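The following exercises concern a single protein chain and are to be worked with the sequence and the model at hand. Each task is followed by a solution in steps.

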Amino acid sequence: MAPSFLSFASLYSFYLRHCFTSSGLSQKSINVGDETIIHFWAPTQLRQSKPNLVFIHGFGPVSLWQWRQQVQFFAPDFNLYVPDLIFFGDSTTKSSERSEIFQAESVAKLLETLGVEKYSVVGTSYGGFVSYHIARMFPERVEKVVVASSGVNMKKKNNEELVKKAKLEKIDDLMLPQKPSDLRALLGVAVSKRSFLMIPDFFLNDFINVRNFLISILPFFFFP
């Protein structure tokens with residue numbers, strides 16, 4: 001992997017952190033129960049006059065990479081809370097639980113620990129499922145919920161068709177790419193243009209090696 005000062009992914013991560021901090025957020029990690037640690041971004045200075053808004057990221061990218069534009073837009077009017085779901089970024093657990101319900105319970109415990117009693121929640125992709133369960137289990141806390149780009153009607157055959165279209169052997173290779181060819185395959189089913197074929201391997205390896213692979217942001221740069 002290239003040194004951080006030569007790594008586009010590392011440099012862009014630095015830029016994203018600057019965007020979050022300049023929007024009044026700071027990053028923290030706290031224990032949620034005895035087995036779980038959640039990393040998150042929250043207001044550096046809480047303003048009681050503002051409503052609370054929670055952003056829950058999708059599968060793959062950590063929250064830092066997925067919510068920059070929304071954080072910058074909504075920060076002036078909301079107290080923003082942007083957690084990394086468990087096993088994404090620095091959020092971890094010793095529990096054997098792996099469900100969206102467990103993710104939802106953990107985010108709700110985080111907010112309860114922070115003293116956030118009422119909030120609205122926005123989730124995209126995998127985060128949409130988590131947001132739904134938060135609203136379902138804690139209706140007295142959730143004021144509004146937005147679910148975006150979540151495959152609520154997906155079935156096993158949909159994954160099989162997707163893998164066949166990508167010309168890969170299993171869904172893991174597509175959703176968790178470990179080499180440039182797999183990442184290109186993922187881009188191939190995510191965007192309509194074919195300019196990504198020109199992206200060099202060292203550039204794609206950079207994203208894979210920093211463990212973000214950030215598909216949500218690559219089309220922004222290469223397919224305007």
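**Exercise 1. Classify F59 by its accessibility, and describe the surface patch and the ring pair to which F59 belongs.**

Step 1. F59 has a relative accessible area of 35%, so F59 is partly exposed. The classes are: buried, under 20% relative accessible area; exposed, over 50%; partly exposed, in between (1.4 Å probe, protein chains only). The model is a predicted one, in which local features need pLDDT of at least 70 and side-chain atom pairs count only at pLDDT 80 or more, while totals for chains, interfaces and linings use all residues. Residues are numbered from 1 along each chain as its sequence is written, and side-chain values use heavy atoms, with hydrogens and water left out.

Step 2. F59, M175 and L176 make a nonpolar surface patch of about 230 Å². Patches consist of residues with over 30% relative accessible area and no salt bridge; like charges are joined within 9 Å, and nonpolar side chains (Val, Leu, Ile, Met, Phe, Trp, Tyr) within 5 Å. The areas come from the Shrake-Rupley method with a 1.4 Å probe, and for residues only the protein chains shown count as cover.

Step 3. M175 is partly exposed, at a relative accessible area of 32%. This residue belongs to helix α7 (residues 171-175). Helices (H or I, at least four residues) and strands (E, at least two) are DSSP runs, numbered from the N terminus.

Step 4. F59 also forms an edge-to-face aromatic pair with Y126, at 6.5 Å centre to centre and 80° between the planes. The pair links distant parts of the chain: F59 is in the loop between β3 (52-56) and α2 (63-66), Y126 is in helix α5 (residues 126-137), and 67 residues separate them. Rings of Phe, Tyr and Trp (its six-membered ring) pair if their centres lie within 6.5 Å; planes under 30 degrees apart count as stacked, over 60 as edge-to-face and the rest as tilted.

Step 5. Y126 counts as buried, because its relative accessibility is 15%.

**Exercise 2. State how many aromatic pairs the structure holds, and characterise the pair of F20 and W41.**

Step 1. The structure holds 12 aromatic pairs.

Step 2. The ring centres of F20 and W41 are 4.9 Å apart and the planes stand at 65°, so this pair is edge-to-face.

Step 3. Distant parts of the chain are linked here: F20 is in helix α1 (residues 8-22) and W41 in strand β2 (residues 36-43), 21 residues apart. Both F20 and W41 are buried.

Step 4. Ring pairs also join F8, Y12, Y15, W65 and F203 into a cluster.

**Exercise 3. Trace the salt bridges of R141, and decide whether R141 is buried or exposed.**

Step 1. A salt bridge is a side-chain nitrogen of Lys or Arg within 4 Å of a carboxyl oxygen of Asp or Glu. The structure holds 4 of them.

Step 2. R141 meets E112 in one such bridge, at 3.7 Å from N to O. The partners lie in distant parts of the chain: R141 in the loop between α5 and β7 (142-148), E112 in helix α4 (residues 100-113), 29 residues apart.

Step 3. R141 also meets E140, at 3.7 Å from N to O. E140 is partly exposed because its relative accessibility is 45%. Salt bridges that share partners thus unite E112, E140 and R141 in one network.

Step 4. R141 has 18% relative accessibility and therefore counts as buried.

**Exercise 4. Describe the chain as a whole and the cover of helix α8.**

Step 1. The protein chain has 10 helices and 7 strands. Its radius of gyration is 18 Å, close to the 17 Å that the globule rule gives for 224 residues, so the chain is as compact as a globular protein of that length. The radius is taken over C-alpha atoms, and the rule is 2.2 Å times the number of residues to the power 0.38.

Step 2. Of the 224 residues, 47% count as buried.

Step 3. Helix α8 (residues 180-190) is mostly covered, with 8 of its 11 residues buried. Among them are P180, D182, L183 and R184.
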